[in-house]
Amino acid sequence: MMQAPKSSSTANLSPETVVVAAGRPPREPDAPVNPPIVLSSTFHGAGVPAPDERVYGRFSNPTWDPFETALSELEGAALPGLVFSSGLAAVASALSLIPTGGILVMPRHSYQGSLLLAAGEADNGRFTVRTVDIADTEQVIAALQGSGAESGAARPADMLWIESPTNPMLEVAEIEVLTHAAHDIGALVVADNTFSTPLVTRPLELGADVVLHSVTKYLAGHSDVVLGALVTSDGELRGRLHSYRSLHGAIAGPFEVWLALRGLRTLALRVERSQATAALLAQRLLDHPAVEAVRYPGLPGDAGHERAAKQMEGFGSILCIEVAGGAAAAEAVAENVRLWLPATSLGGVESLIERRRRQPGEPASVPGNLLRLSVGIEHAEDLWADLTQALAR
Ligand SMILES: Cc1ncc(COP(=O)(O)O)c(C=O)c1O
């Protein structure tokens, strides 16, 4: 239901407190301190439903509200967020904002599912996709304006998709400059904030219209749910996204959302710890003889470092390495770790490692020997020891 987060008791608190305090039930005698899980597919009602009436479980569920409120407070939005059945369901909903025949500008190294979904829409003739190096601001602006466009005619774009840092290349976009350029030509800006979390980057404050999350990752944080979310301060956009969610049935189960809120309570601690460990590992890996390159925006020599330092609070908990000896050597590292888990995904308490090109859908411009490391909250020295024994083999 539409509760204005601004009036909530967490206004003016720091994000580390908001993750703990947001979305609590009212302070009444004997009231629970945690919101309950509401398992009901329908809600009492008669007569013509009021606009904010729950009515039916595909339109709304009380278990979603506290999570949606907490997320909106963290992202600095004026309206509650919208939780979806997965990150990709949120991506589909956001892409539905592009008019038929429109143009989408998207990072060539976006999450592969987002790229595949957009490419599928393009194949069906719904819209055109212009892929760009999101770190190359001039190139993105040219693509937005339509210079050198595919049809010859200089048609401006309808939507700019931002992922920063990108998955898995960790390129950093100049978010504020790009959102201004997009708005100058009337394009909407959607920012996938999964890698950063709102504790590290707040794209709405940098001008984005909609923020997207794979809640599956850091927000829920325990690799036990698949969920997504969108957040916007624009009532008209929120209405369209909400309507998409209801009509496509892209809704989350109440239990999963309850778990996500439970996970969110420790987000600040998890991010603090995993970012510190990622920075330490990145620095050490720079000097490792079996590592050809390290990608981490926190490294002073990284191409995105200066930009990241300006617009992020910290540099995130994902780093990538390119292993000497090619794809087979990189695959062997993923097979030989004992503590790190060889698995896809990221953002959980446990550290994960994956050679991204093992996935058939991964763009060919991602090096075959690139390993993506999602740093968890284990002790840094245990992670380092395991990684170095695997690299030494
Ligand atoms: C950056 C990013 N966005 C979106 C998604 C899709 O989210 P989900 O897997 O929850 O559908 C992912 C999944 O890996 C992701 O990494």
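In the predicted model, a polar side-chain atom of N167 is placed 3.0 Å from an oxygen atom of the ligand. Two further polar approaches to ligand oxygen are found: a polar side-chain atom of T216 lies at 2.6 Å from an oxygen atom, and a polar backbone atom of G87 is 2.9 Å from an oxygen atom of the ligand. On its own the ligand has 380 Å² of accessible area, of which the protein covers 91%. The surrounding residues are S86, G87, L88, Y111, E163, N167, D192, T194, S214, T216, K217 and L227.

The segment that contributes N167 to these surroundings also carries two cis peptide bonds. One runs from S164 to P165, with omega near -10°; the other runs from N167 to P168, with omega near 5°. P165 is located in the loop between strand 4 and helix 6, and P168 belongs to the loop between strand 4 and helix 6 as well. Strand 4 spans residues 159-163 and helix 6 spans residues 175-184.

T166 is likewise part of the loop between strand 4 and helix 6. The relative accessible area of T166 is 0%; because the threshold for burial is under 20%, T166 is classed as buried. The side chain of T166 forms a polar contact of 2.6 Å with the side chain of E171. With residues up to four places away in sequence left out, the contacts of T166 are P107, H109, I134, E171 and F195.

Strand 4 pairs with strand 5 in the parallel sense, over five bridges. Within this pairing, M159 stands opposite L188 of strand 5. Strand 5 comprises residues 188-192 and is mostly covered, four of its five residues being buried. Both strands are connected with the ligand surroundings through individual residues, which include E163 and D192.

A separate description applies to an open sheet of five strands, in which the order is 8-9-12-11-10 and the pairing is mixed. Strand 8 (291-295) and strand 10 (341-342) occupy the edges; each has a single partner strand, so one side of each lacks a neighbour in the sheet. Helix 11, formed by residues 326-336, packs on this sheet and touches strand 9 (318-323), strand 10, strand 11 and strand 12. The direction of helix 11 makes about 160° with that of strand 11. Buried positions in helix 11 are A330, V333, A334 and N336. The packing partners of the buried residues of helix 11 are strand 9, strand 10, strand 11 and strand 12, together with helix 12 (380-392).

Within the sheet, strand 11 (residues 352-355) and strand 12 (residues 370-374) are joined in the antiparallel sense over four bridges. E354 stands opposite R372 in strand 12. E354 also takes part in a polar contact of 2.7 Å between its side chain and that of Q359. Q359 is situated in the loop between strand 11 and strand 12. When neighbours of Q359 within four places in sequence are set aside, its contacts are Q112, T344 and E354.

Two residues other than glycine with positive phi were identified in the loop between helix 1 and helix 2. D30 has a phi of about 70°, and for V55 the value is near 65°. D30 lies in the loop between helix 1 (15-21) and helix 2 (64-75), and V55 is placed in the loop between helix 1 and helix 2. Their accessibility classes are as follows. D30 has a relative accessibility of 84% and therefore counts as exposed, whereas V55, at 28%, counts as partly exposed.

Helix 4 covers residues 112-123 and includes D123. With a relative accessibility of 70%, D123 is assigned to the exposed class. D123 and T69 are 54 residues apart along the chain, and their C-alpha atoms are separated by 37 Å.

Methods. Residues numbered from 1 in each chain as written. Predicted model: local features only at pLDDT ≥ 70, side-chain atom pairs only at ≥ 80, totals over all residues. Heavy atoms only, no water. Pairing = 2+ DSSP bridges. Contact = heavy atoms within 4.5 Å. Axes fitted to C-alpha atoms, helices over the stretch in contact; angles between N-to-C directions. Buried < 20%, exposed > 50% of the residue type's maximum accessible area, 1.4 Å probe, protein only. Near = heavy atom within 4 Å. Polar contact = N/O pair within 3.5 Å; in protein donor to acceptor, adjacent residues only side chain to side chain. Areas by Shrake-Rupley, 256 points an atom, 1.4 Å probe, with all protein chains shown as cover.
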